[in-house]
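Here is a brief report on one structure. Have the sequence and the model open while reading.

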Amino acid sequence: QVQLVESGGGLVQAGGSLRLSCAASGSIFSLYTMGWYRQAPGKERELVADITKSGDTNYADSVKGRFTISRDNAKNSVALQMNSLKPEDTAVYYCRGTWGLYVYWGQGTQVTVSS
């Protein structure tokens, strides 16, 4: 059974930076895709960024150029470096991992960006 544990959320001012991290535990296999989704109040959960085992990445247009996703396959972990944060980045951020047809979600971590 895979468990995803997130850390790094918090409160920052606009223009600041945060680094989110997520580590998978409870499995011996490497997750194919690891990434981050976010959900703001009153909005749908949306993809922020994800990355495959081979290093292929996808970013939401709204964060491209500001956020960078990376992973450590040996540790089965993923990180999201968030720079130049904007108030509209405020949301609960969820770690997500896939293996075959299985999808795993973390509990979520709050990111709040003040203006």
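## Two hairpins around strand 5

Gly 42 takes a positive phi near 80° in the hairpin of strand 4 and strand 5, where six residues lie between the strands. This is a predicted model. Strand 4 covers residues 33-39; six bridges join it to strand 5, and the two run antiparallel. One bridge pair can be named: Met 34 has Ile 51 as its partner in strand 5.

A hairpin also links strand 5 to strand 6, with four residues between them. Gly 55 sits in that turn and has a positive phi of about 100°. Strand 5 and strand 6 run antiparallel and are joined by three bridges. Across this pairing, Asp 50 stands opposite Asn 58 in strand 6.

Is strand 5 enclosed or open to the outside? Five of its seven residues (strand 5 spans residues 46-52) are buried, so the strand is largely enclosed by the rest of the structure.

## Thr 57 on strand 6

Thr 57 belongs to strand 6, residues 57-59. Its relative accessibility is 35%, and because buried means under 20% and exposed means over 50%, Thr 57 counts as partly exposed at that value.

Which residues does Thr 57 touch? Leaving out residues up to four places away in sequence, the contacts are Asp 50, Ile 51 and Ile 69. Asp 50 is also the residue that stands opposite Asn 58, and Ile 51 is the bridge partner of Met 34. Thr 57 and Met 34 themselves are 23 residues apart in sequence. Their C-alpha atoms are 9.8 Å apart in space.

## The disulfide

The count comes to one disulfide. It joins Cys 22 to Cys 95, with an S to S distance of 2.0 Å. The pair links distant parts of the chain, 73 residues apart. Cys 22 is in strand 3 (residues 18-25), and Cys 95 is in strand 9 (residues 91-99).

What is the handedness of this disulfide? The torsion about the S-S bond of Cys 22 and Cys 95 is about -85°, so the disulfide is left-handed. Both ends are hidden: Cys 22 is buried, and so is Cys 95.

## Positive phi outside glycine

Asn 76 is not a glycine, yet its phi is positive, at about 55°. The residue is in the loop between strand 7 (67-72) and strand 8 (77-82). With a relative accessible area of 7%, Asn 76 is buried. Beyond residues up to four places away in sequence, Asn 76 touches Cys 22, Ala 23, Ala 24, Ser 27, Phe 29, Ser 30, Leu 31, Met 34 and Arg 71. One of these, Cys 22, is an end of the disulfide. Another, Met 34, pairs with Ile 51.

Ser 84 is also a residue other than glycine with a positive phi, near 50°. Ser 84 is found in the loop between strand 8 and strand 9. Is Ser 84 buried or partly exposed? Its relative accessible area is 41%, and Ser 84 is partly exposed. Asn 76, by contrast, is buried.

## The largest pocket

The largest pocket has a volume of about 150 Å³. Its lining numbers 13 residues. Arg 38, Lys 43, Glu 46, Ser 62 and Glu 88 are the ones that lie nearest the centre.

How do the lining residues divide by type? Eight are charged, three are polar and two are nonpolar.

Note on methods: Residues numbered from 1 in each chain as written. Predicted model: local features only at pLDDT ≥ 70, side-chain atom pairs only at ≥ 80, totals over all residues. Heavy atoms only, no water. Buried < 20%, exposed > 50% of the residue type's maximum accessible area, 1.4 Å probe, protein only. Contact = heavy atoms within 4.5 Å. Disulfide = S-S within 2.5 Å. Pairing = 2+ DSSP bridges. 1 Å grid on protein atoms, 1.4 Å probe; cavity = no way out; pocket = protein on both sides within 12 Å on 5 of 7 lines; lining within 4 Å. Points joined across faces, edges and corners; volume = space filled by probe spheres on them. Nonpolar A, V, L, I, M, F, W, Y, C, P; charged D, E, K, R; others polar.
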